[in-house]
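Hi everyone, thanks for coming along. I'd like to walk you through one model this morning, so let me put it up on the screen.

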Amino acid sequence: MGQYVELLNHEWEYECIERIRVLEDLPRADKAMRLLRAVVDEAHPTMKKYRMNAYVVTEFYPADITLQGLNKSRGYEIFLRLRDADDPCR
């Protein structure tokens with residue numbers, strides 16, 4: 001794993017997030033992109049209110065099944081697990 005599909009800022013115009021990335025080599029990357037976009041849509045008002053920024057919001061699928069998210073470099077990149085820990089197809 002490691003190839004990403006990206007959605008860039010100019011495609012949705014949120015100033016607090018530059019890009020959204022999902023794992024391309026897992027099934028249903030299009031559904032993952034819609035879900036991550038919905039998460040960004042929900043988080044945007046709060047991020048704007050508190051002047052929070054994240055350069056990249058990225059889907060990840062870590063080996064540690066208890067890990068649901070990760071904040072890298074003080075919010076520069078935020079990783080979120082979107083898929084079931086036992087089956088990446090779900």
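I'll start with the helix, go on to the core and the strands, and finish with a few single residues. Please keep in mind throughout that this is a predicted model.

So, helix α1, residues 29-49. How does its length compare with what we should expect? At 1.5 Å a residue, its 21 residues should span 30 Å, and the C-alpha atoms at its ends are indeed 30 Å apart, so the two agree. There is a bend, though: α1 turns by about 40 degrees at Ala 43, and a proline, Pro 45, follows within four residues. If you look just past the helix, you'll find Arg 51 with a positive phi of about 55 degrees.

Which residues of α1 are buried? They are Ala 29, Ala 32, Met 33, Leu 36, Val 40, His 44 and Met 47. Several of these names come back in the core, so let's go there.

The largest nonpolar core has 12 residues, among them Cys 16, Ile 17, Val 22, Met 33, Val 40 and Val 57. β2, α1 and β3 each supply at least two residues of it, and α1 gives the most, with 6.

Now the strands. β2 and β3 run parallel and are paired over 4 bridges; to pick out one partnership, Arg 19 is bridged to Val 56 in β3. β3 is mostly covered, with 5 of its 6 residues buried.

Further along, β4, residues 69-72, and β5, residues 77-80, are antiparallel and joined by 4 bridges. Lys 72 has Glu 77 of β5 as its bridge partner. The two strands make a hairpin with 4 residues between them, and in the turn Ser 73 has a positive phi of about 55 degrees.

Let me come back to β3 for two polar residues I like. One is Thr 58, which sits in that strand. Is Thr 58 buried or exposed? Its relative accessible area is 0%, so Thr 58 counts as buried. What does its side chain find there? It makes a polar contact with the side chain of Glu 77 at 2.8 Å, and another, of 3.4 Å, with the side chain of Arg 21. Beyond its sequence neighbours, Thr 58 also touches other residues, including Tyr 4, Leu 36, Ile 78 and Phe 79. And Leu 70, 12 residues away in sequence, has its C-alpha 9.7 Å from that of Thr 58.

The other is Glu 59, also in β3. Glu 59 has 0% relative accessibility, which is why it is classed as buried. Its side chain reaches a backbone atom, the nitrogen of Leu 23, at 2.9 Å. Leaving out neighbours within four places in sequence, Glu 59 is in contact with residues including Tyr 4, Val 22, Leu 26, Ala 32, Leu 36, Leu 82 and Arg 83.

Last stop: Leu 67, in the loop between β3 and β4. Leu 67 has a relative accessibility of 27%, and since buried means under 20% and exposed over 50%, it counts as partly exposed. Residues up to four places away aside, Leu 67 touches Phe 60, Pro 62 and Arg 81. Its C-alpha lies 9.2 Å from that of Ala 85, which is 18 residues away in sequence.

That's my tour. Thanks for listening, and I'm happy to rotate the view for anyone who wants another look.

Terms used. Residues are numbered from 1 along each chain as its sequence is written. This is a predicted model: local features need pLDDT of at least 70, side-chain atom pairs count only at pLDDT 80 or more; totals for chains, interfaces and linings use all residues. Side-chain values use heavy atoms; hydrogens and water are left out. The expected span of a helix is 1.5 Å times one less than its number of residues. The bend at a residue is the angle between axes fitted to the seven residues ending there and the seven starting there. Buried means under 20% relative accessible area, exposed over 50%, partly exposed in between (1.4 Å probe, protein chains only). A nonpolar core is a set of buried Ala, Val, Leu, Ile, Met, Phe, Trp, Tyr and Cys residues joined through side-chain atoms within 4.5 Å. A polar contact is a pair of N or O atoms within 3.5 Å; within protein, one must be able to donate a hydrogen and the other to accept it, and residues adjacent in sequence count only if both atoms are side-chain atoms. Contact means heavy atoms within 4.5 Å. Two strands pair if DSSP finds at least two bridges between them.
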